[in-house]
Amino acid sequence: MNHTKPPPRIYRAVKSSVTAYDAAVRYGLHVNRSGMCRCPFHDDHVPSMKVDRRYHCFGCGADGDVISLTAKLFHINNYEAAKKLAEDFDVYKVKKKDPRRMKDHFSPETVRMSRKIEKVLNRFFRSLVTYKRTLENWKDRYAPSSPEEKWDVRFIEALQNLTTAEYIIDCFLEADFKDQILILIEYGKKVFSFHEQKNGTDSRTNGAAAGTARDGN
């Protein structure tokens, strides 16, 4: 009997949505029209790596899928690479049920409600990723430069919430539809509230910059 644990859902979601070519271009490899680039895993002077859905280097033999490519590029494990790809390419989508089967088993109102929930879950995930990235930025940008310096509130929030945000993303990516809804209920208010505040701040900042530019003219 085979007791091998199946790969996490995130692996399947990423590999069905992102190719090695997509990742290579996104992460700075210069791919020519033939889909060839210089291999980053050995001293390559001419393009010897082919990238499409997978990648293969004809020089050093490096070969694999988009997850292993990302793992090698950033020196991280496969699970961390899959999470990075999910965040960078916004590949998370709530798994949609076959609409024909849903119509056969559920009322039209139930089908419409399911679609609305899917949209909210997708918006929640995007907002959560934005929040996590903001916390990462705050942790670096507002870190005190000396022990005597007063801690910025944004640095404090990053210390308090970054690990939690990463944990919620992990749980959400692996959860089924029902558990995703429970995560949304527990954390949605805080995540959406932050997202709205950030958008408001960005709008005011852009407006002030535009006003300054007009005054300068």
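In what order do the four strands form an open sheet, and is the pairing parallel or antiparallel? In this predicted model, the order is β1-β2-β3-β4, and the strands pair in the antiparallel sense. Strands β1 and β4 (63–64) stand at the two edges, and each has a single partner strand, so one side of each is left without a neighbour in the sheet. As general background, the strands of a sheet are held in pairs by backbone hydrogen bonds, which may run in a parallel or an antiparallel arrangement.

The pairing of β1 with β2 can be followed residue by residue. Two bridges join these strands, again in the antiparallel sense. Within this pair, Cys-37 is found opposite Met-49 of β2.

The loop that links β1 (36–37) to β2 (49–51) holds Asp-44. Is Asp-44 buried or exposed? Its relative accessible area is 10%, and because the cut-off for a buried residue is under 20%, Asp-44 counts as buried. Leaving aside residues up to four places away in sequence, Asp-44 touches Cys-37, Arg-38, Cys-39 and Met-49. Two of these names are already familiar, since Cys-37 and Met-49 are the residues that stand opposite each other.

The side chain of Asp-44 also takes part in polar contacts. One of them joins this side chain to that of Ser-48, at 2.6 Å. The side chain of Asp-44 also reaches a backbone atom, namely the nitrogen of Cys-39, at 2.6 Å. Further along the chain, Cys-60 is 16 residues apart from Asp-44, and the C-alpha atoms of the two are separated by 9.1 Å.

Attention now turns to the helices. Ser-68 has its place in helix α3. With a relative accessibility of 16%, Ser-68 is another residue that counts as buried. Which residues does Ser-68 touch, not counting those up to four places away in sequence? They are Tyr-55, Asp-63 and Asn-78. With Tyr-55 there is also a polar contact between the two side chains, at 3.4 Å.

After helix α3 (66–74) comes a loop that leads to α4 (78–88), and His-75 is found in this loop. Unlike the buried Ser-68, His-75 is exposed, with a relative accessible area of 75%. The backbone of His-75 is worth a look as well: its phi is positive, at about 55 degrees, although the residue is not a glycine.

Methods:
Residues are numbered from 1 along each chain as its sequence is written. This is a predicted model: local features need pLDDT of at least 70, side-chain atom pairs count only at pLDDT 80 or more; totals for chains, interfaces and linings use all residues. Side-chain values use heavy atoms; hydrogens and water are left out. Buried means under 20% relative accessible area, exposed over 50%, partly exposed in between (1.4 Å probe, protein chains only). Contact means heavy atoms within 4.5 Å. A polar contact is a pair of N or O atoms within 3.5 Å; within protein, one must be able to donate a hydrogen and the other to accept it, and residues adjacent in sequence count only if both atoms are side-chain atoms. Two strands pair if DSSP finds at least two bridges between them.
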